[in-house]
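This report examines one helix and its surroundings, followed by a run of paired strands and the chain as a whole. Please read it alongside the sequence and the coordinates.

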Amino acid sequence: MAESDNTSVQVALRIRPLIDNEISKGFQNILEVFPELNQVKIKSSDKAFSYNYVFDTNIDQGLFYQKCVQDMIQNLFKGYNVTILAYGQTGSGKTHSMGTAYSGQENKGVIPRAVNDIFNFIKDNFTYDFTVSVSFMELYQEVLYDLLAMKPRDQCVVEIREDAKSIIIPGLTEQPVNSASQALEYLIKGSQGRATSSTNMNAQSSRSHAIFTVNISMQKKDNR
Ligand SMILES: Nc1ncnc2c1ncn2[C@@H]1O[C@H](COP(=O)(O)OP(=O)(O)OP(=O)(O)O)[C@@H](O)[C@H]1O
């Protein structure tokens with residue numbers, strides 16, 4: 001993944017700042033952070049936890065991406081699958097960090113930054129022809145929805161199947177894209193169709209899992 005070791009799965013802990021609502025209720029941060037050791041300690045106990053990366057509340061979106069995601073994007077062009085997964089309880093900052101609810105803003109998260117890097121790599125590469133497509137799905141209450149089907153929600157349901165080699169989703173929309181902005185338009189359109197409502201811990205909770213996939217095929221120009 002990046003500088004700290006070469007294992008195929010790495011974990012980054014990002015601690016989000018307290019939001020206004022929490023500050024007004026007197027909530028306090030309970031973690032002591034040792035970024036240089038990639039460790040956190042619960043202040044009231046001796047319990048410490050280590051990760052591949054630990055980011056304190058002051059890390060900005062750009063540095064977060066640069067430190068723990070950007071290097072992985074190169075691996076796509078070496079033929080690897082790259083998965084970036086955000087895990088945490090409601091309100092912990094998954095949508096913010098991933099940029100799934102991107103609407104064109106400056107303070108963008110991982111997905112728009114990764115899409116930009118993918119197309120920058122393609123633009124600078126003259127050896128290969130590239131074909132890129134995107135898909136976007138949502139798992140909500142055990143039902144899988146195709147967020148790019150552009151149909152009424154009850155007609156967007158797709159099924160998960162398994163063939164001899166892999167998991168497949170027959171009928172899932174794959175939109176061909178030629179630029180970062182085109183790919184991000186689909187991210188914006190798809191995320192507008194997601195189920196959201198409030199939880200006790202997040203006024204704008206996603207209430208679901210979302211998977212945005214970028215498929216890249218590359219063919220050496222000489223081989224045609
Ligand atoms: N690093 C951060 N800096 C500033 N604000 C943040 C950060 N991370 C999250 N937030 C804010 O915290 C709130 C909750 O974040 P977010 O919606 O991303 O959580 P979530 O994990 O996706 O929650 P859910 O699972 O309920 O969808 C939002 O108001 C978001 O803007």
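## Helix 6 and its packing

In this predicted model, the buried residues of helix 6 pack against helix 5 (110-123) and against three strands, namely strand 6 (128-140), strand 11 (175-177) and strand 14 (209-220). The residues concerned are Ala180, Ala183, Leu184, Tyr186, Leu187, Gly190 and Ser191. Viewed down the axis of helix 6, these buried residues fall within an arc of 150 degrees, so they line one face of the helix. An α-helix has 3.6 residues a turn, so residues three or four places apart point the same way.

The length of helix 6 can also be checked: its 13 residues (180-192) should span 18 Å at 1.5 Å a residue, and the end C-alpha atoms are 18 Å apart, which agrees.

## From strand 6 to strand 8

Strand 6, one of the elements that helix 6 packs against, is joined by four bridges to strand 7 (residues 143-146), and the two run antiparallel. Within this pairing, glutamate 138 has tyrosine 145 of strand 7 as its bridge partner. The two strands form a hairpin with two residues between them, and glutamine 141 in the turn has a positive phi of about 50 degrees.

Strand 7 is in turn joined to strand 8 (residues 157-158) by two bridges, again in an antiparallel arrangement, where leucine 144 has valine 158 of strand 8 as its bridge partner.

## The chain as a whole

The chain holds six helices and 14 strands, and its C-alpha atoms fill a box of roughly 65 × 40 × 40 Å along the principal axes. Of the 224 residues, 23% are buried.

Methods: Residues numbered from 1 in each chain as written. Predicted model: local features only at pLDDT ≥ 70, side-chain atom pairs only at ≥ 80, totals over all residues. Expected span 1.5 Å × (residues − 1). Buried ≥ 20, exposed ≤ 12 C-beta atoms within 10 Å, placed from the backbone. Arc of directions from axis to C-beta. Contact = placed C-beta atoms within 7 Å. Pairing = 2+ DSSP bridges.
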